[in-house]
Amino acid sequence: MPHRRFADGEVVMGRWPGSVLYYEVQVTSYDDVSHLYTVKYKDGTELALKESDIRSQSAFRHRKSQSSSSSPSRRSSSRSRSRSPGRPAKGRRRSSSQSREQKDDKKKPISETSLAPLALVGWLKPSENNTRRYNGEPDSTERNDTSCVISEQKLKPDLEIARVLEQYSLRPRKEEKKKEEIYSEKKIFETQKVVEKASLKTIEKAPSKTKELEFGGRIGTFTLIFFLPATVLYLLLMCKQDDPSLMNFPPPLPALESLWEARVFGVFLLWFFLQALFYLLPIGKVVEGLPLSNGRKLQYRINGFYAFVLTAAVIGTLLYFQFELHYLYDHFLQFAVSAAAFSMVLSIYLYIRSLKAPEEELAPGGNSGYFVYDFFTGHELNPRIGSFDLKYFCELRPGLIGWVVINLAMLLAEMKIHNQSMPSLSMILVNSFQLLYVVDALWNEEAVLTTMDITHDGFGFMLAFGDLVWVPFVYSLQAFYLVGHPTSISWPVAAAITILNSIGYYIFRSANSQKNSFRRNPADPKLAYLKCIPTATGKGLLVTGWWGFVRHPNYLGDIIMALAWSLPCGFNHILPYFYVIYFICLLVHREARDEHHCKQKYGLAWEKYCQRVPYRIFPYIY
């Protein structure tokens, strides 16, 4: 074990990545595995530095005294060597007013940046990264590029680097009038080059132990492992009742043998492996995900929409050969139990294999050292069998596409049970709205690569159960409810509900598209109206457009759509609105987690963003 030189809390001088400049930092922790120090700069930026990039303050004081005692001739020669050919001659004096004006200009902080000037520069090629659960996560307004002007108050290291680079610029300065313009443009692009160079080096940092536990810690996660399956079972049993009021006593639990059927479990396995086969087909483009802690980028095949089309063809073929799809409705409880059992077995497998995973492949949020907590949240970040990514596959395929198939089965069951030649208007609305949501998710599949589910959360019981059980069997609750409790609505009411869903979808899709476009190419002329607050990480926080309206506009769109999905069920019972209540609670939890994550990541820049955009999800309310 190498000896540790610097203690926690010690104030030292740390080198800024990609430069030769050192700044005062405070040591916050040390990783014995990677041998990296986590240091904190004065502006709140936290970075991992090697021991060779850290110096004691006494060493710098010694160097300073040596440099001050050097001969005048040496200092003069060094200054003459550093003069750029394009700079004015020594004898040429500038007016005092111009000097004062230049100093004043340099003191002006640039807190917000319009993207319009960036589009005019042809040689700039900002780095692009491939772009919440689909509706989840942080989905903050950050971007993985450096085309935003860095705030002088918050990024002094980058500006100092830019000033050094500017001294060696060969660009002639013919007119003093243009000095402010030259200064601002050169600071943008020289700083970009420095930060991009630093990002390419990628500071390797193995995930440290998870210190802050979510979901109530060990006791809370242990409870959720049993509470979540019980909730699904309770909701489905209540929907089967003639009076599904939540004020009634829960229905008696069916006999255990009636909840399990080998044939149903076989059908579920067939469905799961059929989707796995579609996932492995060599169709669709291959993209790279965000960089991991070791700098590596995983590759993902984007073919979810093709899998949906192939699934639709298979279902259509089954219906053509008179396969009774309402079999799903008749054995709905058994399918839910089969999915829950499979998710538990999968979770156990995931945890066992994670024990042999390298340290850098563990999830930042699931590495606490506590068995129950890590089992629930997921210990390994991206478990793969060869090129088959288990977490990414389960995120959108079996559960999300299965949700649409279940809704279709409920529609056919309603027609058969009530002897209808056509489904009810309420059932058509529910199927149509949720079909649009699923197709949108699969069409924009690449966007899921930047969500916290992929980049931060491990793959454990929480995501396995959520993807395979909660999504298909709870999200289809409205359609399941309408089979046993038909509700008639008029065409004007249906039109109003459709308008409400359209508004929610427009907010949801336009906000996500705005964010994703900004991540891919912030220099796009179409985004010239957007402004951002720069951060110490080189990423920007949007303060205009939808993201200047509330901090999470996509969550707002989600909640509006969830309400539109429940309204066709009427107001006789609150059970169909469970999804809305759950969705609000889920998004508020995610929003709180995003807030905490972003505050740690962006420091003072996030505080300024919160002052600029005070409302989180609901304007003028929350």
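A residue counts as buried under 20% relative accessible area, as exposed over 50%, and as partly exposed in between. Keep those cut-offs at hand for the tour, and remember that this is a predicted model.

**Stop 1: Arg-296 and Asn-382**

Start by selecting Arg-296, in the loop that runs between strand E7 (285-288) and strand E8 (299-302). Its relative accessible area is 41%, so Arg-296 is partly exposed. Show its surroundings, setting aside neighbours within four places in sequence, and you will find Leu-290, Pro-291 and Glu-361 in contact with Arg-296.

Now use Glu-361 as a stepping stone, since Asn-382 is also in contact with Glu-361. Asn-382 sits in a loop too, the one between helix H12 (371-377) and strand E9 (384-385). Is Asn-382 buried or exposed? With a relative accessible area of 12%, Asn-382 is buried. Again leaving out neighbours within four places in sequence, its contacts include Leu-292, Leu-298 and Tyr-300, along with Asp-389, Lys-391 and Ile-454.

**Stop 2: helices H13, H14 and H17**

Next, colour helix H13 (residues 390-417) and helix H17 (residues 477-484). Their axes come within 9 Å and cross at roughly 5°. Angles under 35 degrees count as roughly parallel, and H13 and H17 are therefore roughly parallel to each other.

Which residues bring these helices together? From H13, pick Asn-407, Met-410, Ala-413, Glu-414 and Ile-417; from H17, pick Ala-479, Phe-480, Leu-482 and Val-483. Sorted by class, the contact of H13 with H17 has 7 nonpolar residues, 1 polar and 1 charged. As you look at the spacing along a helix, recall that an α-helix has 3.6 residues a turn, so residues three or four places apart point the same way.

Stay with H17 and switch on the surface. Of the 8 residues of H17, 7 are buried, so this helix is largely enclosed by the rest of the structure. The buried ones are Leu-477, Gln-478, Ala-479, Phe-480, Tyr-481, Leu-482 and Val-483.

Go back to Asn-407 of H13, which meets H17 and is also touched by Asn-431. Asn-431 belongs to helix H14 (residues 425-443). Beyond residues up to four places away in sequence, Asn-431 touches Leu-408 and Leu-411 as well as Asn-407. Asn-431 is buried, at a relative accessible area of 13%.

**Stop 3: helices H19 and H20**

Select helix H19 (residues 553-566), which has 14 residues. From its first C-alpha to its last, H19 reaches 21 Å, close to the 20 Å expected at 1.5 Å a residue. How many of the residues of H19 are buried? The count is 13 of the 14, so H19 is largely enclosed by the rest of the structure.

Add helix H20 (residues 578-602), which packs against H19 at an angle of about 170°, with the axes 9 Å apart. That makes H19 roughly antiparallel to H20. To display the contact, choose Tyr-555, Asp-558, Ile-559, Ala-562, Leu-563, Trp-565 and Ser-566 on the H19 side. On the H20 side, choose Tyr-579, Val-580, Phe-583, Ile-584, Leu-587, Arg-590, Glu-591 and Asp-594. These residues divide into 10 nonpolar, 1 polar and 4 charged.

For a short detour, pick Ser-502 in helix H18 (residues 491-520). Ser-502 counts as partly exposed, at 40% relative accessibility. Draw a distance from its C-alpha to that of Ala-564: the two are 62 residues apart in sequence and 9.1 Å apart in space.

**Stop 4: the cysteines**

Switch to the cysteines. The structure holds 0 disulfides. Cys-239 is in none, and the nearest cysteine sulfur, that of Cys-569, is 8.7 Å away. Cys-239 is buried, with a relative accessible area of 4%. Cys-394 is buried as well, at 1%.

**Stop 5: two backbone curiosities**

Finish with two loops. Phe-215 lies between helix H5 (179-201) and helix H6 (217-239). Its phi is near 60°, a positive value in a residue other than glycine. Phe-215 is partly exposed, with a relative accessible area of 23%.

Then jump to Gln-322, in the loop between helix H9 (304-320) and helix H10 (327-330). Gln-322 is not a glycine either, yet has a positive phi of about 65°. At 66% relative accessibility, Gln-322 counts as exposed.

Notes. Residues numbered from 1 in each chain as written. Predicted model: local features only at pLDDT ≥ 70, side-chain atom pairs only at ≥ 80, totals over all residues. Heavy atoms only, no water. Disulfide = S-S within 2.5 Å. Buried < 20%, exposed > 50% of the residue type's maximum accessible area, 1.4 Å probe, protein only. Axes fitted to C-alpha atoms, helices over the stretch in contact; angles between N-to-C directions. Helix = DSSP H or I, 4+ residues; strand = E, 2+ residues; numbered from the N terminus. Parallel < 35°, antiparallel > 145°, perpendicular 65-115°, else oblique. Contact = heavy atoms within 4.5 Å. Nonpolar A, V, L, I, M, F, W, Y, C, P; charged D, E, K, R; others polar. Expected span 1.5 Å × (residues − 1).
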